[in-house]
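Here is a short report on a protein model. Please read it with the sequence and the 3D view side by side.

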Amino acid sequence: GGLKMGQTEENYKQNLTSDPLNVDALCGYACYLQTVKEDYAKAAELYERALLADSGRARRVSMQLFADSKSLSSLGGGSTGWARFTVPKIVVPKTMIPKITIPKPQK
């Protein structure tokens with residue numbers, strides 16, 4: 001299935017219970033946690049899981065979310081939560097296990 005930004009937190013949890021490696025759900029829920037709940041640590045954890053599941057897809061989904069957020073901002077629409085969305089910073093250490101940090105937006 002495709003990425004559905006309108007899903008509720010419970011929908012994301014249900015999707016991940018049935019398919020814990022669903023990159024779209026992992027990235028979508030991470031974006032939701034980042035923009036709506038401002039839970040940066042949990043969002044980073046979900047982005048890390050998405051990268052481990054399918055790094056190419058996770059990067060594309062994250063970049064698409066960022067592009068969507070900029071598009072909504074430029075049109076003057078969308079929730080104010082989109083202003084808090086930043087592209088995750090991906091650091092791949094020598095062990096090749098990605099470490100994700102999400103910079104908090106400046107207010």
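## Salt bridges

A salt bridge here is a side-chain nitrogen of Lys or Arg within 4 Å of a carboxyl oxygen of Asp or Glu. The model is predicted, so local features need pLDDT of at least 70, side-chain atom pairs count only at pLDDT 80 or more, and totals for chains, interfaces and linings use all residues. Residues are numbered from 1 along each chain as its sequence is written, and side-chain values use heavy atoms, with hydrogens and water left out. By the salt-bridge rule, the count is four.

E9 and K37 meet through their side chains in one salt bridge, at 3.5 Å from N to O. This pair links distant parts of the chain: E9 lies in helix α1 and K37 in helix α2, 28 residues apart. Helices are DSSP runs of H or I with at least four residues, numbered from the N terminus. K37 is partly exposed, with a relative accessible area of 44%. On this scale, buried means under 20% relative accessible area, exposed means over 50%, and partly exposed is in between (1.4 Å probe, protein chains only).

E9 also pairs with K13, and their closest N and O atoms are 3.9 Å apart. K13 and E9 are four residues apart in helix α1, so about one helical turn separates them. An α-helix has 3.6 residues a turn, so residues three or four places apart point the same way. K13 is partly exposed at 38% relative accessible area. Another salt bridge joins the side chains of E45 and K42, at 3.2 Å from N to O. These two residues, E45 and K42, sit three apart in helix α3 (residues 40–53), again about one helical turn. E45 counts as partly exposed at 37% relative accessibility. K42 is also partly exposed, at 28%. Through shared partners, salt bridges join E9, K13 and K37 into one network.

## Aromatic pairs

Rings of Phe, Tyr and Trp (its six-membered ring) pair if their centres lie within 6.5 Å; planes under 30 degrees apart count as stacked, over 60 as edge-to-face and the rest as tilted. How many aromatic pairs does a search of the whole structure find? The search finds three. One of them is Y12 with Y32, a tilted pair with centres 6.1 Å apart and planes at 45 degrees. Y12 is in helix α1 (residues 9–18) and Y32 is in helix α2 (residues 23–37), 20 residues apart, so the pair links distant parts of the chain.

Are Y12 and Y32 buried or exposed? Y12 counts as buried at 1% relative accessibility. Y32 counts as buried at 16%. Ring pairs link Y12, Y29 and Y32 into a cluster.

## Helix α2 and its ends

Helix α2 has 15 residues. From first C-alpha to last, α2 reaches 20 Å, close to the 21 Å expected at 1.5 Å a residue. That expected span is 1.5 Å times one less than the number of residues. In α2, 13 of the 15 residues are buried, so the helix is largely enclosed by the rest of the structure.

At the start of α2, a side-chain oxygen of N22 reaches to within 3.0 Å of the backbone nitrogen of D24. After α2 comes E38, in the loop between α2 and α3. E38 has a positive phi of about 55 degrees although it is not a glycine. E38 is partly exposed, with a relative accessible area of 33%.

## Nonpolar core

A nonpolar core is a set of buried Ala, Val, Leu, Ile, Met, Phe, Trp, Tyr and Cys residues joined through side-chain atoms within 4.5 Å. The largest one has 23 residues, and those with the most contacts inside it are C27, Y29, Y47 and I102. The elements giving two or more residues to this core are α1, α2, α3 and α4 (55–74). The largest share, nine residues, comes from α2.

Contact means heavy atoms within 4.5 Å. Not counting residues up to four places away in sequence, Y29 touches E9, Y12, K13, L16 and L46. L46 lies in helix α3 and counts as buried at 0% relative accessibility. With the same sequence exclusion of up to four places, L46 touches L26, Y29, A30 and L33. L46 and L33 are 13 residues apart in sequence and 9.4 Å apart in space, C-alpha to C-alpha.

Notes. Polar contact = N/O pair within 3.5 Å; in protein donor to acceptor, adjacent residues only side chain to side chain.
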